[in-house]
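Q: Please pick one part of this model and take me through it closely, with the cut-offs spelled out as you go. I'd like a connected picture rather than a list.

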Amino acid sequence: MDTISSKSNVNKSNIPTFGEDVEVELPTNEHPLIIRAKSNLNSIEWGRKYKNQLNDCLTIYGAILIRGFNIGNAEGFNDLFSTVSGDPIKYENRTSPREQVYNNVYTSTNHPKHQQIHMHTENSYSLVYNRIIAFFCLVPPLEGGETPIADERKLLNSLKQETLEKFNQKKIQYLRNSSPGIGLDWRTIYQTDDKKVVNQYLESNEFEYSWVDSDHLRVKWTLSAFQKHPLTNQNLWFNHMYFGLKCHYNPLVLEYFNEENLPFATYYGDGSEIEESVIQEFRDFYSQNSIVFKWEKNDFLMLDNMMFSHGRNPFKGERKILTAMSQPVDFH
Ligand SMILES: [Fe+2]
């Protein structure tokens, strides 16, 4: 597993140059740290050479956009990602419809293009999550389709103390239903056709579950709202609460489904509703602090999945953004 190199003395006033053939732009409200190739560099050789510096910077800034390299395709993305972040892992306990395109490289999501995907940290509803997530732009969207990102360390500072205390005390409850026509099929979520394997997985994680009928699985579980970052030891907001809010559903969907049958929903750990005033704190934070940049072909965005959340804006035309994840961390 990659870690901060022990000899690192990188800090915000001491950014490595990453070689003469690239330029570095410090993060602003409009873009993350950008490392841009000025000439035709071999991305793998470059990645191998500057891997430690990249990971040091990621641990400080939480997000790096590598731009202007001729990465080319899913294989090139896989190779650069493996070089700097370790081998991509399988996408398990899924929430997003994705296609595997090369090894453990996937399409970022096949959600319909008119839908907004709300801010979240990948797999933060799971007991095992990926510390790193990367995106690669194969075909930039014609219009919209940005991947907004936001610094969750700032979120923690922006929330009211009483809000933090409430989540600390109550934790977060997740509800998930999968059956034909509701959310992802359980076979897709758990990547098996065998119910025994699903049951075993849920039991070993101490998740409450029931087979409502032969093909409808309902699962409920509660997790902490916070997790310690494995490298910095910083306590961070790390959960899927915002993504699963009922207010994010189309009102027609809410009318159609009984609440207990919603594909994915979040509550306080005691099952009570999260108040509108609390939700508004999150809305305000994301509307004021999301970094939204235009995708360019060959963009490689690397996020520390605990430090930065991401989402997706609706789009028009074609859009091909690939994703890969690495460095699994276990909550247990
Ligand atoms: Fe995601």
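A: Two strands are called paired if DSSP finds at least two bridges between them. The strands and helices themselves are DSSP runs numbered from the N terminus (strands are E, at least two residues; helices are H or I, at least four). Keep in mind that this is a predicted model, where local features need pLDDT of at least 70 and side-chain atom pairs count only at pLDDT 80 or more, while totals for chains, interfaces and linings use all residues. Residue numbers start from 1 along each chain as its sequence is written.

The part I'd zoom in on is an open sheet of 8 strands, with mixed pairing, in the order β1-β2-β3-β16-β7-β19-β5-β4. Its edges are β1 (22-25) and β4 (100-102); each has a single partner strand, so one side of each is left without a neighbour in the sheet. From one strand to the next the twist averages 25°, with axes being lines fitted to C-alpha atoms (for helices over the stretch in contact) and angles running from 0 to 180 degrees between N-to-C directions.

Let's walk in from the β1 edge. β1 and β2 are antiparallel, with 4 bridges between them, and one of the matched pairs is Glu25 with its bridge partner Ile34 in β2. Next comes the step from β2 to β3, which is parallel and also counts 4 bridges; there, Leu33 has Ile64 in β3 as its bridge partner. β2 is a well-covered piece of the sheet: 4 of its 5 residues are buried, so it is largely enclosed by the rest of the structure. Buried here is a pure neighbour count: 20 or more other C-beta atoms within 10 Å of the residue's own, against 12 or fewer for exposed and anything in between for partly exposed, with C-beta atoms placed from the backbone.

One strand further along, the sense of the pairing is antiparallel again. Strand β3 (residues 63-67) runs antiparallel to strand β16 (residues 300-304), with 4 bridges between them, and Leu65 sits opposite Leu301 in β16.

Now add the helices. Helix α1 (residues 43-61) lies across β2 (33-37), β3 and β16, and runs at about 135° to β3. Helix α2 (residues 74-85) also packs on the sheet, where it touches β4, β5 (105-107), β7 (128-139), β16 and β19 (320-330), and its direction makes about 25° with that of β19. So which strand do both helices reach? For α1, the list includes β16; for α2, it includes β16 too.

What does α2 look like up close? Its 12 residues reach 16 Å from the first C-alpha to the last, close to the 16 Å expected at 1.5 Å a residue (the expected span is 1.5 Å times one less than the number of residues). Its buried residues are Ala74, Phe77, Asn78, Leu80, Phe81, Val84 and Ser85. Those buried residues pack against α1, β4, β5, β7, β16 and β19, with contact taken as C-beta atoms, placed from the backbone, within 7 Å. Just after α2, the backbone does something you may want to check in a Ramachandran plot: Gly86 takes a positive phi of about 95°.

The two helices also meet each other. Their axes come within 8 Å and cross at roughly 30°. That makes α1 and α2 roughly parallel to each other, on a scale where under 35 degrees is roughly parallel, over 145 roughly antiparallel, 65 to 115 roughly perpendicular and the rest oblique. On the α1 side, the residues at this meeting are Ser43, Ile44, Gly47, Arg48, Lys51 and Leu54, and on the α2 side they are Gly76, Asp79, Leu80, Thr83 and Val84. Leu80 and Val84 turn up among the buried residues of α2 as well.

To set this part in context, take a look at another sheet. It is open too, with 4 strands in the order β11-β12-β10-β15 and antiparallel pairing. β11 (208-213) and β15 (264-268) are at its edges, each with a single partner strand, so one side of each is left without a neighbour in the sheet. The twist there averages 15° from one strand to the next. Strand β10 (residues 172-178) runs antiparallel to β15 and is joined to it by 5 bridges; Arg176 has Phe264 as its bridge partner in β15, and Tyr174 has Thr266. Edge strand or not, β15 is mostly covered, with 5 of its 5 residues buried.

Notes
Contact = placed C-beta atoms within 7 Å.
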